[in-house]
Amino acid sequence: MGTQECIRKETDGAGDGTAAYRPRPVVLAIDDEPGVRESLQLILQDEFEVLEAPDGAAAVAILGTRRVDVALLDVRMPGEPGSKVLPRILAIDESIPVILITADPHLRMAVDAMKAGAYDYLAKPWDVDEILSLVREAARQRGMERELRYLRAEFDRTHGFDQLVGRHPKMVRLYEMIAQVAQTHATVLVTAESGTGKELVARAIHNQSPRRAQPFVAVNLAAIPDTLLESELFGHEKGAFTGAYARKLGKFELAHGGTLFLDEVGSLRVDLQAKLLRALQEREIERLGGTRTIQVDVRVIAATNADLRQAIRARAFREDLYYRLHVVPIGVPPLRERKSDLPDLAAHFIRKYSQEFKKDVRGLSRGALLALAGYDWPGNVRELENIIERSVALATRPVIGLDDLPLDLAMNEVTPGRGEGEVPLTLKEARDRFEQAYVLRALEREDWNQSRAARGLGVHRNTLIARLAAWGFRRGQPGINVRPVAGDGGSATAAQLDTPRGIAIGSNGAYYIGDRNNNKIRKVVNFAVVAWVETRT
């Protein structure tokens, strides 16, 4: 039976009419009578893939090469009886539900079957509805056990609920690519710098695909020791190596029917690259220490921050594996190329960690936003999240200010185009960065009143304005606010705006945003984000 025949598409419970991908459960019918096997085939074939075996030896051979979810075993067969075949089946996979078929429907038979490890038994002649109900229940239990193994394997893993955030044109193109590739089963290679959210892209593809009801299993290949990597990916049999006291399913088996995300695939050992290539080509694996081939139905999404073509030239990565992975390439832009998304990302992380730490942190000040915009973000979104998390955790005020940010970021130590291994800042550049940070802190202390800030700095106001213009800072450039409006009273008018387009604060302390030229004004409510509003005079 072909692979496509083993796949059933059903409409999921969401009611959106989208086909949900589910592999058909596999039932193995073991009976010496061809007529019985044919009857079982006719009864079960609409819901299950049915394999047939005339005796115990043939059944054991099938179990060595195929995944089986439920076994139907005749007790009385010539040669090796079912009572002898049962322990051999359970020795291969003790979690397979085995339903015994018997012409002796006595209580003692049921008790003996349960003691031997059988799931249940059926008495001949059987009722069609009874056998369908029993096989369905056994297959459902098998699926729940597989899901439980997956959940146990992922128990120690921290799952974030962050979603892709951003409206930059490069991100819009990324969303379009995700939507297109999600509807296929093609292998995807995500290439991006570290910290850009490669796993979020993989999860987005999985969640929009027909496989979304099945497991999503993520593996960081660079984080697993070489000695354990093969066992983690492909599993191992009991006694395969010292300390292997029980059989363990690998990530490929845990992801059966779903998606397997292989992060840092460029770090995979060359010998394991060959096994991965076989798994991708043949859709089958072998457990470490095992002798049987196991078929798997997995959609693979790989990711790397390395240049795989360069690795191929250095003979560190197989060229045939590269082309097998590089079916649909997807690139994720680094944060420095989409800085217009900084306000949305900052607001997103502030809300997240304000709730997590139960702190009343409402947003970023103007100086803090300017510092974020001037930074080059070598660690990308992960670095931004880390900075926001630390700032929220240590914040003593509702608004995160410039002095709450790390010193190197506040001074803009990393300049555009300056990466790892490059020449550090010159003395003049470092002095200029320090001056920027110092002036911005003075402006924040005076709520961006330039006259008072200039007096505090001991310079003329025009000198301060000239310095800000040279640095590209506009007068009255706003910050980002995610605080709820307090109270319903109070109001503001467009005429009260300090600039033609900007923000005003009503008598109740609520924020208002509007356009004075068009005499339009509206109140900002419910954690609305007020960010990057132009305030041209």
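**Exercise 1. Aromatic pairs**

How many aromatic pairs does the structure hold, and why does the pair of Phe216 and Phe261 count as stacked?

Solution. The structure holds five aromatic pairs, where rings of Phe, Tyr and Trp (its six-membered ring) pair if their centres lie within 6.5 Å, and where planes under 30 degrees apart count as stacked, over 60 as edge-to-face and the rest as tilted. For Phe216 and Phe261 the ring centres are 6.3 Å apart and the planes stand at 20°, so the pair is stacked. The next step is to place the two residues: Phe216 belongs to strand β9 (residues 216–220) and Phe261 to strand β10 (residues 259–263), so the pair ties together parts that are 45 residues apart in sequence. Helices (H or I, at least four residues) and strands (E, at least two) are DSSP runs, numbered from the N terminus. Finally, both Phe216 and Phe261 are buried, a term that means under 20% relative accessible area, with exposed over 50% and partly exposed in between (1.4 Å probe, protein chains only).

The model is predicted, so that local features need pLDDT of at least 70 and side-chain atom pairs count only at pLDDT 80 or more, while totals for chains, interfaces and linings use all residues. Residues are numbered from 1 along each chain as its sequence is written, and side-chain values use heavy atoms, with hydrogens and water left out.

**Exercise 2. The sheet that contains β9 and β10**

In what order do the strands of the open sheet with β9 and β10 follow one another, and which are its edge strands?

Solution. Five strands form this open sheet in the order β9-β10-β13-β8-β14, with parallel pairing; two strands pair if DSSP finds at least two bridges between them. The edge strands are β9 and β14 (328–331), each of which pairs on one side only. From one strand to the next the twist averages 20°, with axes taken as lines fitted to C-alpha atoms, for helices over the stretch in contact, and angles running from 0 to 180 degrees between N-to-C directions. Within the sheet, strand β8 (residues 188–191) and strand β13 (residues 299–304) run parallel and are joined by four bridges, and Leu189 has Ala302 in β13 as its bridge partner.

**Exercise 3. The surroundings of β5**

Trace the pairing of β5 on the way through its sheet, and state whether its residues are buried or exposed.

Solution. Begin with the sheet, which is open and has five strands in the order β4-β3-β5-β6-β7, paired in parallel. Its edge strands are β4 (49–53) and β7 (120–123), and each pairs on one side only.

Next, follow the bridges. Strand β3 (residues 26–30) runs parallel to β5 and is joined to it by four bridges, with Leu72 in β5 as the bridge partner of Ala29. β5 also pairs with strand β6 (residues 98–102) in the parallel sense over four bridges, and here Leu72 stands opposite Ile99, while Leu73 has Leu100 as its partner in β6. Four bridges then join β6 to β7, again in parallel, and Leu100 stands opposite Tyr121 in β7.

Last, consider burial. Five of the five residues of β5 (residues 70–74) are buried, so the strand is largely enclosed by the rest of the structure. In a regular strand the side chains alternate between the two faces of the sheet. Val70, Leu72 and Asp74 point one way from β5, Ala71 and Leu73 point the other way, and all are buried. β6 is covered on both faces, with Val98, Leu100 and Thr102 on one side and Ile99 and Ile101 on the other, all of them buried.

**Exercise 4. Helix α14**

How many of the nine residues of helix α14 are buried, and which residue caps its N-terminal end?

Solution. Seven of the nine residues of α14 (residues 366–374) are buried, so the helix is largely enclosed by the rest of the structure; among them are Arg366, Gly367 and Leu370. Ser365 caps the N-terminal end, since a side-chain oxygen lies 3.2 Å from the backbone nitrogen of Ala368.

Key: Polar contact = N/O pair within 3.5 Å; in protein donor to acceptor, adjacent residues only side chain to side chain.
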